[in-house]
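This report describes the covalent and charged links in a protein model, together with selected features of its surface and interior.

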Amino acid sequence: MKYALYMIMCSAIAGECMPPHQMENKYNDMYSCLNAGYKESLAKSQEIGKQQINEHHIYLKFVCKEEEVIVPKPKPKPKVKA
């Protein structure tokens, strides 16, 4: 099992959140996923900036969701005719 990180941006003024955005990386455990979520939240809030966050009361939240990873079966080697 791997963990997928979903980021969600919300506005307290509008009382709405955007649909969750699945981040590209997958994590081996909940701990790693949570730490990535905190780092991504901080980076995104800095990207949005103080003015926009204060004006629209933007806040970020995230969730780590366990997902089954399906590993494709190797293709059989073609038989060589002699």
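The model is predicted, and the description below begins with its disulfides.

**Disulfides**

Two disulfides are found in a search of the whole structure. When the bonded cysteines of the protein chain are numbered in sequence order, they pair as 1-2, 3-4.

| Disulfide | Sulfur to sulfur distance |
|---|---|
| C10 and C17 | 2.0 Å |
| C33 and C64 | 2.1 Å |

The disulfide of C33 and C64 joins helix 1, which holds C33, to strand 4, which holds C64, so it ties together parts that are 31 residues apart in sequence. The torsion about its S-S bond is about -100°, and the link of C33 and C64 is therefore left-handed. C33 is buried, at 0% relative accessible area, and C64 is likewise buried, at 11%.

The link of C10 and C17 is right-handed, with 100° about the S-S bond. C10 is buried, its relative accessible area being 3%, whereas C17 is partly exposed at 38%.

**Salt bridges**

The structure contains two salt bridges. In one of them, the side chains of K26 and E67 meet at 3.7 Å, N to O. K26 belongs to strand 3 (residues 21–27) and E67 to strand 4 (residues 58–67), so this pair ties together parts that are 41 residues apart in sequence. K26 counts as partly exposed, with 37% relative accessibility.

E47 and K44 form a salt bridge in which the closest N and O atoms are 3.2 Å apart. Both residues lie in helix 1 (residues 30–48), where they are three residues apart, about one turn of the helix. E47 is exposed at 59% relative accessibility, while K44 is partly exposed at 30%.

**A buried serine and a nonpolar patch**

S11 is part of strand 1 (residues 2–11). Is S11 buried or exposed? Its relative accessibility is 16%; because buried means under 20%, S11 counts as buried. The side chain of S11 reaches the backbone nitrogen of I13 at 3.4 Å. Leaving aside residues up to four places away in sequence, S11 touches E16, H56, H57, I58 and Y59.

At the surface, M30, L34 and Y38 make a nonpolar patch of about 290 Å². Y38 lies in helix 1 and counts as exposed, with 55% relative accessibility.

Conventions
Residues numbered from 1 in each chain as written. Predicted model: local features only at pLDDT ≥ 70, side-chain atom pairs only at ≥ 80, totals over all residues. Heavy atoms only, no water. Salt bridge = Lys/Arg side-chain N within 4 Å of Asp/Glu carboxyl O. Helix = DSSP H or I, 4+ residues; strand = E, 2+ residues; numbered from the N terminus. Buried < 20%, exposed > 50% of the residue type's maximum accessible area, 1.4 Å probe, protein only. Polar contact = N/O pair within 3.5 Å; in protein donor to acceptor, adjacent residues only side chain to side chain. Contact = heavy atoms within 4.5 Å. Patch = residues over 30% accessible without salt bridge, like charges linked within 9 Å, V, L, I, M, F, W, Y side chains within 5 Å. Areas by Shrake-Rupley, 256 points an atom, 1.4 Å probe, with all protein chains shown as cover. Disulfide = S-S within 2.5 Å.
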